[in-house]
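Dear colleague,

Please find below the structure that I promised to hand over. My notes on it follow, and I would be grateful if you read them with the model open beside you.

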Amino acid sequence: MEIIRPDVFTPQEADQAEGQLINSFFDNCTSQFPDPAKWIDEEIHRNILLTTVDIAIAWARQRSIFPLMFGLACCAFEMIGMAASRFDVSRFGMDIFRWSPRQADLMIVAGTVTWKMAPAIRMVYDQMAEPKWVIAMGACAVSGGTFRESYSVVPGVNRILPVDVYIPGCPPRPEGLIYGITRLHAKMIKGTIDNPNLSLK
Amino acid sequence: MTLALNGEEIGKKLAEAFPAAVVSSDKLNVLVDSKHLQPVAEYLKNTSGLEFDYLTFVTATDYLDYLEIVYRLVSLKNNHSLILKTRCHTRDNPVVPTVVNTWRAAYYQEREIFDLLGIRFEGHPDMRRLLLWEGFQGHPLRRDYL
C-alpha cells in the first residue's frame, strides 16, 4: 500500500489517493467471508455442550471465587496490590472481596497470626459456608517465619485451620500470590459434588 | 522546635522543693526517687514556668540490676520538654506509684508496662494485662524471660 506523506504530496493529492483506496475496497469487497461452522445445524450449534456435571460445577466454582477481605500484617498490602489494576486478579473472576464470611469461600491468611488473634480467625473460618478454601500467604502464616520462637505468634496458621495452599515469601509478590491461586484452581477442578475441597472423609 | 530543658537546672529546682526526691540529674534527664514521684509530677505540671501538661509516653527498660521507668514530658504552653526517670530496685513484685491522676495519658501505657515487664503501678485504677491474655505466664520483655 502506498504511504501518504504530506510533505511530498499536496493535501489535494493525498485526498485523491485516499479516495482511490476507499473506492478499490468498495469495488472489491462484495461478498462475505464464509462461516466455518455453517455446516452444523443451527439448533445443535446453539444448544449442545458436552461435559460432566462435576467438571462444570468445579469450573464454575473455580472461576467465581469470592475471597474474604482479611489482612493481618504487611502481606495484606501485596494482596491489595494483587487485587488492584496492575496485577488485576479480576482475570480469574475473583475481584469482589467480601467483608462478610457468610458470602466468602476463600480465606487468604495474609500475615502474622498472634495467639490473641487466633480465636477470632477460627471463628471467622467457622462462619464461612462450605465449600471453603484457605491460602496461607507469607512466611509468618506458613510457619511463623521470623517470629516462630516468639511468645505471642502462632507458629504456622495450620495449627488452627486446615490450609490448602502455602505461599512462601516475606512477603510474596502479587505474582506469587496469583501463582498460588492458580495452584488452588488446579486443586478445585479435581473436586467433585460431594467432596468439593478434596477433604479426607 | 520544642526546647529540651537542661536536666540539671530542673533537678536543682526540684531539689529546692523536695530535698530528698532527686537522686541524680544530668544534661539530658532527671532521676527521681520513686517514693516522691507523685508530688514531683504534680509540681512539674502545676508550677508556672514549667507547666508540663502533656505526657508524650511512658516506657520502661530492664537493666538487670534495676528496672527503669522513663517519662517524656512536654509543655504545650511553653514549648519545652523534659525526660523524667525513676528506678525500681527489686525484681520480684516491683512497685512504683502511678501518675494517672496527673496525666491521664499514662493509663494504657502503664498497663502495657505491667503486662510486658511486670512493674505494678500503685494507685492505677485498673491494673490488668493489656496486650497479652489473662493467664499468660511471665513478663516477656524482661531480660530473664526464657
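In chain B, strands β2(B) and β3(B) form a hairpin, with 3 residues between them. Please keep in mind throughout that this is a predicted model. The two strands of the hairpin, residues 22–25 and residues 29–32 of chain B, pair in the antiparallel sense over 3 bridges. Within this pairing, B:Ser25 stands opposite B:Val30 of β3(B).

Strand β3(B) also pairs with strand β6 of chain B (residues 80–88), in the parallel sense and over 4 bridges. Here B:Leu31 has B:Lys85 in β6(B) as its bridge partner. When you look at these strands, it may help to recall that side chains in a regular strand alternate between the two faces of the sheet.

I turn next to two helices, one from each chain. Helix α3 of chain B covers residues 106–117. At 1.5 Å a residue, its 12 residues should span 16 Å, and the end C-alpha atoms are 15 Å apart, which agrees. Which residues of α3(B) are buried? They are B:Ala106, B:Glu110, B:Ile113, B:Phe114, B:Asp115, B:Leu116 and B:Leu117. These buried residues pack against β4 (54–62), β5 (67–75) and β8 (120–122) of chain B. An α-helix has 3.6 residues a turn, so residues three or four places apart point the same way. After α3(B) comes B:Gly118, which has a positive phi, near 75°.

Helix α1 of chain A, residues 11–28, offers a second check of length. Its 18 residues should span 26 Å at 1.5 Å a residue, and the end C-alpha atoms are indeed 26 Å apart. How many of the 18 residues of α1(A) are buried? The number is 0, so α1(A) lies largely in the open.

Several details of the backbone deserve your attention. In chain A, a cis peptide bond joins A:Glu130 and A:Pro131, with omega about -10°. A:Pro131 is found in the loop between α5 (118–127) and β2 (133–137) of chain A. Another cis peptide bond runs from A:Cys170 to A:Pro171, where omega is near -15°. The loop that holds A:Pro171 lies between β3 (165–167) and α7 (174–188) of chain A.

Positive phi values also appear in residues other than glycine. For A:Asp88, phi is near 60°, and this residue lies in the loop between α4 (75–83) and β1 (106–110) of chain A. A:Asp88 has 13 C-beta neighbours inside 10 Å and therefore counts as partly exposed. For B:Glu51, phi is near 50°, and the residue sits in the loop between α2 (37–46) and β4 of chain B. B:Glu51 has 16 C-beta neighbours inside 10 Å, so B:Glu51 counts as partly exposed.

Finally, I describe chain A as a whole. Chain A has 7 helices and 3 strands, which follow the pattern α-α-α-α-β-α-β-α-β-α along the sequence. The radius of gyration of chain A is 27 Å, well over the 17 Å that the globule rule gives for 201 residues, so chain A is more spread out than a compact globule. The C-alpha atoms of chain A fill a box of roughly 85 × 50 × 25 Å along the principal axes. Of its 201 residues, 27% count as buried.

With kind regards

Definitions and conventions: Residues are numbered from 1 along each chain as its sequence is written. Chains are lettered from A and ligands numbered from 1 in the order in which they are written. This is a predicted model: local features need pLDDT of at least 70, side-chain atom pairs count only at pLDDT 80 or more; totals for chains, interfaces and linings use all residues. Two strands pair if DSSP finds at least two bridges between them. The expected span of a helix is 1.5 Å times one less than its number of residues. A residue is buried if 20 or more other C-beta atoms lie within 10 Å of its own, exposed if 12 or fewer, and partly exposed in between; C-beta atoms are placed from the backbone. Two residues are in contact if their C-beta atoms, placed from the backbone, lie within 7 Å. The radius of gyration is taken over C-alpha atoms; the globule rule is 2.2 Å times the number of residues to the power 0.38.
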